[in-house]
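Welcome, and please have a look at the sequence and model below. We will walk through a strand and some charged contacts together.

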Amino acid sequence: MKRVYLDWNATAPLRPEARAAMADALEVTGNPSSVHAEGRAAKMLLERSREQLAEALGAAQADIVFTSGATEAAALALSGRGLACAGIEHDCVRAWCDETLVTGPDGQVAVPDPARATLQLANSETGVMQTLPQGLAASDLTQGFGKIPFAFDWLGIRAGMVSAHKLGGPRGIGALVLAAGEDREALLRGGGQESGRRAGTENLAAIAGFAAAAAAAQRDLAGGMAERLAEMRDHLLDRLENAEGITMFPGRESPRLPQTLSILTPGWKGETQVMQMDLAGFAVSAGSACSSGKVRESGVLRAMGVAGPDAGCALRVSFGGTTTLEDLDRFADAWLAARARWQGKQGR
């Protein structure tokens, strides 16, 4: 029986289009900052990739600054600005902000002063999507990009962060998207790359792979991928909900990413579930990949009002275009069997 990967929100499998673009880029030997023929060829590829990414983002009026990932993009966007954020944000955002925004039980966040706040487009653990207020200082777009349709130029935000590996691009490459008229002081200094906003020779192969993956993801969206994945998510939810036992699905009252389902069984630790599913042949997560290896409660669920140890009892399932209904049904069978064994041990 094949092993099933259900942790796409952490790292989607590398798309063939990205792999091919990276292979082609590795044949380009020049440095984009050099003026000789080889350097000009590299610069041409860099700028073509930038344009391709901007098109996928709907960011024709914005500037794209390539970074090592969304974590670096968040630091560049947020450092020293004293912005407010909510407890549902990724750690790389909360590290630079004041955690003063209130999250409701449905995962929705109230933003009284958008110009002094940052708010994510979608949550990596629950899939809950936000309606971004006009004039928002910054937004982590990472989980939404390539999974739901949007255009940066229409969002009305001043800056956004994205990362390649969430949509089938290579690891270790991301971008900061700046609205027209916005600028940021470089954190990495010592060179004039990226219009002086980020020093260091650009990772051309990864950038080309990112742009190709983004373009492929937009083609999938245009072909109805989001709708198909949402149907699969709801099929899985129905399977798990209709079985005997107490399980909740945080954020289900709100609009959510089509391919993400958060599953919470009070008292059954998330990391225990991850290990049991791993042995059964399924790769799933207990939360964000940056923190799921640590035994701790979910800050996202705490912010949503989940009390005490139960905030450590969630499992996240996320999937993509190559996942099948058979995969999800097999997972449901394995998970329900494991839950029944756990319940038996609890004397229920």
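The notes that follow cover one strand, its partner strand and several salt bridges.

## Strand β10 and its surroundings

Keep in mind as you look around that this is a predicted model. Let's begin with strand β10, which spans residues 314-318. The strand is mostly covered, with five of its five residues buried. Turn it over and you will find both faces covered. Ala-314, Arg-316 and Ser-318 sit on one side, while Leu-315 and Val-317 sit on the other.

Strand β10 also has a partner: β8, made of residues 260-264, pairs with it in the antiparallel sense. Five bridges join the two strands. To find your place in this pairing, look for Ser-262, which stands opposite Arg-316 of β10.

## A salt bridge from β10 to Asp-7

Arg-316 deserves a second look. Its side chain meets that of Asp-7 in a salt bridge, with 2.8 Å from N to O. This contact links distant parts of the chain: Arg-316 belongs to strand β10, whereas Asp-7 lies in the loop between β1 (4-5) and α1 (16-25), and the two are 309 residues apart.

Are the two partners buried or exposed? Arg-316 has a relative accessible area of 2%, so this residue is buried, the cut-off being under 20%. Asp-7 has a relative accessible area of 12% and is therefore buried as well.

## Arg-197 and its two partners

Which residues form salt bridges with Arg-197? One of them is Asp-63, where the closest N and O atoms are 3.2 Å apart. Arg-197 lies in the loop between β7 (174-178) and α6 (204-222) and Asp-63 in strand β2 (residues 63-67), so this salt bridge ties together parts of the chain 134 residues apart in sequence. Arg-197 is buried at 10% relative accessible area, whereas Asp-63, at 34%, counts as partly exposed.

Asp-183 is another partner of Arg-197, and here the closest N and O atoms are 2.7 Å apart. Both Arg-197 and Asp-183 are in the loop between β7 and α6, 14 residues apart.

## A network, and the overall count

Some salt bridges share partners. In this way Lys-43, Glu-47, Arg-50 and Glu-194 are joined into one network. You may like to display these four side chains together.

How many salt bridges turn up in the whole structure? A search finds 21, including the one between Arg-316 and Asp-7 and those that Arg-197 forms with Asp-63 and Asp-183.

Terms used: Residues numbered from 1 in each chain as written. Predicted model: local features only at pLDDT ≥ 70, side-chain atom pairs only at ≥ 80, totals over all residues. Heavy atoms only, no water. Buried < 20%, exposed > 50% of the residue type's maximum accessible area, 1.4 Å probe, protein only. Helix = DSSP H or I, 4+ residues; strand = E, 2+ residues; numbered from the N terminus. Pairing = 2+ DSSP bridges.
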